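Reader: I would like a close look at a single part of this structure, with its setting described residue by residue. Please begin from one residue and work outwards.

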Amino acid sequence: MNSIVSRCPFCQAMNRLPIEKIEVSPTCGSCKQPLLEGKPIEGSSNNLAELINSEKPVVIDFWAPWCSPCINFAPVFEQVAMEEKDKLRFVKVDTEAQQEIAAQYKIRSIPTLMMFRKGRLIDSLNGALPKSQFKEWVAETLNK
């Protein structure tokens, strides 16, 4: 059985999750909160490919801890993740910790936002946005 490893966005516990369970809203083994909905998921080499290829569209925020615009955008990303949890998954990829992923997706500036549907890149955007503009980009991109 293939599985991914994902950190719980609520309690930070590591969870091993069978790939088949990605589509059924799994919960954390420790705190019982949803693992993949409601808060941004930490993207890593252990889970990103499976998340991107899942049925639910995925919005990724490529960021770095030293980037002021990234830090300022984080609460907006988290708020929209909570508001849109039924339609989309939200993933944050730390480009410092996940340099191979940043290279794979040719990240040249941060923050960079990308939306995927069933493994296919739908759109990308460079730069932080106010909440209203971010929600507008999400809605427009989801309809492409």
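**Helix 4 and its surroundings**

Author: Thr-141 is a residue of helix 4. The model in which it is described here is a predicted one. With a relative accessible area of 1%, Thr-141 is buried, because burial is assigned under 20%. Apart from neighbours within four places in sequence, the residues in contact with Thr-141 are Met-115, Arg-117, Ile-122 and Asp-123.

The helix itself comes next. Helix 4 consists of 12 residues, 131-142. At 1.5 Å a residue it should span 16 Å, and its end C-alpha atoms are 16 Å apart, so the expected and modelled values agree. Thr-141 is one of the buried residues of this helix, which are Phe-134, Trp-137, Val-138 and Thr-141. Around the axis these residues cover an arc of only 100°, and therefore they lie on the same side of helix 4. The elements against which they pack are strand 4 (58-63), helix 2, strand 5, strand 6 (112-117) and strand 7 (120-126).

One of these partners, strand 5, can be followed through a single residue. Phe-90 lies in strand 5 and is buried, with a relative accessible area of 2%. Once neighbours within four places in sequence are set aside, Phe-90 is in contact with Phe-134, which is among the buried residues of helix 4. The other contacts of Phe-90 are Lys-39, Pro-40, Ile-41, Val-59, Phe-77, Val-80, Ala-81 and Glu-84. Phe-90 and Ile-60 are 30 residues apart along the chain, yet their C-alpha atoms are separated by 5.9 Å.

Strand 5 also leads to the largest pocket. This pocket has a volume of about 260 Å³. It is lined by 18 residues, of which Pro-9, Pro-40, Ile-41, Glu-42 and Lys-92 are the closest to its centre. Two of these, Pro-40 and Ile-41, are also in contact with Phe-90. Strand 3 (41-42), helix 2 (68-83) and strand 5 (89-94) each supply at least two residues of the lining, and strand 5 gives the most, with 3 residues. In chemical character the lining comprises 8 nonpolar, 4 polar and 6 charged residues. Helix 2 and strand 5, which contribute to this lining, are also among the elements packed against by the buried residues of helix 4.

Strand 6, another packing partner of helix 4, leads to a feature of the backbone. The loop between helix 3 (99-104) and strand 6 contains Pro-111. A cis peptide bond joins Ile-110 to Pro-111, with omega at about -5°.

Two further backbone features belong to other loops. Gln-12, in the loop between strand 1 (3-7) and strand 2 (14-18), has a positive phi of about 75° although it is not a glycine. Ser-25, in the loop between strand 2 and strand 3, likewise is not a glycine and has a positive phi, of about 50°. Gln-12 is partly exposed, with a relative accessible area of 43%. For Ser-25 the relative accessible area is 43%, and this residue too is partly exposed.

To return to the starting point, Thr-141 is buried, and it belongs to the set of helix 4 residues that pack against strand 4, helix 2, strand 5, strand 6 and strand 7.

Conventions:
Residues numbered from 1 in each chain as written. Predicted model: local features only at pLDDT ≥ 70, side-chain atom pairs only at ≥ 80, totals over all residues. Heavy atoms only, no water. 1 Å grid on protein atoms, 1.4 Å probe; cavity = no way out; pocket = protein on both sides within 12 Å on 5 of 7 lines; lining within 4 Å. Points joined across faces, edges and corners; volume = space filled by probe spheres on them. Nonpolar A, V, L, I, M, F, W, Y, C, P; charged D, E, K, R; others polar. Expected span 1.5 Å × (residues − 1). Buried < 20%, exposed > 50% of the residue type's maximum accessible area, 1.4 Å probe, protein only. Arc of directions from axis to C-beta. Contact = heavy atoms within 4.5 Å.
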